[in-house]
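Welcome! Here are a few short exercises to work through with the structure open beside you. Take them one at a time, and try each before reading its solution.

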Amino acid sequence: MKKYFAVPAVMTLALGLTACSSGSGNTGAKDGEKPAQVLNLSKENDVITMDSTLATDGMSFEVINMCIEGLETTNENADIVPALAESYDVSDDDLTYTFHLRDAKWSNGDPVTAADFEYAWKDAATDPTCDYAYIFGSDGACIKGADEAMGDPAKKDEIAVKAVMTRPWRSHCPGKLRILCL
């Protein structure tokens with residue numbers, strides 16, 4: 001009877017030790033090159049979508065959060081800290097927020113600009129299939145025009161989010177993102 005338990009136990013141990021090996025094999029890098037940085041994750045569910053306007057499940061949001069960064073994020077103490085926005089200004093009447101973006105690049109090397117945020121936010125707020133469009137309106141960020149434009153792509157320009165290029169002659173300039181609140 002012991003043999004029936006010993007064989008599976010030894011096989012499980014052998015597989016476990018194999019999975020924990022140092023992995024000192026080929027890194028895929030040529031001589032003198034830095035090896036590729038790869039993160040392998042094992043998760044309990046599939047990622048349904050990487051489109052943040054269509055994501056509704058926790059696994060998709062978790063992976064999206066690992067791949068992209070927003071204007072602000074939280075640190076280890078759960079304090080809100082700058083991410084792609086290096087700073088922001090609030091108008092005297094507390095209705096206009098201007099985010100100053102830091103230099104950042106997409107994975108293909110193109111610069112991240114304020115226009116990218118303007119496009120993405122207006123697209124999400126007016127997409128009739130976006131379950132989270134409400135977060136741009138009075139139930140969330142309180143962006144002027146978002147409630148009226150919600151779910152109607154023809155009304156994108158009514159949403160008070162505007163990319164302001166600080167140096168428009170330089171296409172790689174991140175610029176500023178100006179948001180007018182309700």
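Helices (at least four residues) and strands (at least two) are DSSP runs, numbered from the N terminus. Keep in mind that this is a predicted model.

**Exercise 1.** Trace the order of helices and strands along the sequence of the protein.

*Solution.* Start with the tally: the protein has four helices and six strands. Then walk along the sequence and write down each element, which gives α-α-β-β-β-β-α-α-β-β.

**Exercise 2.** Find Thr49 and decide: is Thr49 buried or exposed?

*Solution.* First, locate the residue: Thr49 sits in the loop that links α1 (2-19) and α2 (58-67). Next, take its relative accessible area, 17%. Buried means under 20%, so Thr49 is buried. In the protein, 26% of the 182 residues count as buried.

**Exercise 3.** Describe the surroundings of Thr49.

*Solution.* Begin with the side chain of Thr49, which reaches the backbone nitrogen of Asp51 at 3.0 Å. Then leave aside residues up to four places away in sequence; Thr49 touches Leu54, Ala55, Ser60 and Ile64.

**Exercise 4.** Work out whether Leu39 is buried or exposed, and which patch it belongs to.

*Solution.* Leu39 is also placed in the loop between α1 and α2. Its relative accessibility is 66%, and exposed means over 50%, so Leu39 counts as exposed. Finally, look at its partners: Leu39, Leu41 and Met66 make up a nonpolar surface patch, together offering about 320 Å² of accessible area.

Methods:
Residues are numbered from 1 along each chain as its sequence is written. This is a predicted model: local features need pLDDT of at least 70, side-chain atom pairs count only at pLDDT 80 or more; totals for chains, interfaces and linings use all residues. Side-chain values use heavy atoms; hydrogens and water are left out. Buried means under 20% relative accessible area, exposed over 50%, partly exposed in between (1.4 Å probe, protein chains only). A polar contact is a pair of N or O atoms within 3.5 Å; within protein, one must be able to donate a hydrogen and the other to accept it, and residues adjacent in sequence count only if both atoms are side-chain atoms. Contact means heavy atoms within 4.5 Å. Patches are made of residues with over 30% relative accessible area and no salt bridge: like charges are joined within 9 Å, nonpolar side chains (Val, Leu, Ile, Met, Phe, Trp, Tyr) within 5 Å. Accessible areas come from the Shrake-Rupley method with a 1.4 Å probe; for residues, only the protein chains shown count as cover. A salt bridge is a side-chain nitrogen of Lys or Arg within 4 Å of a carboxyl oxygen of Asp or Glu.
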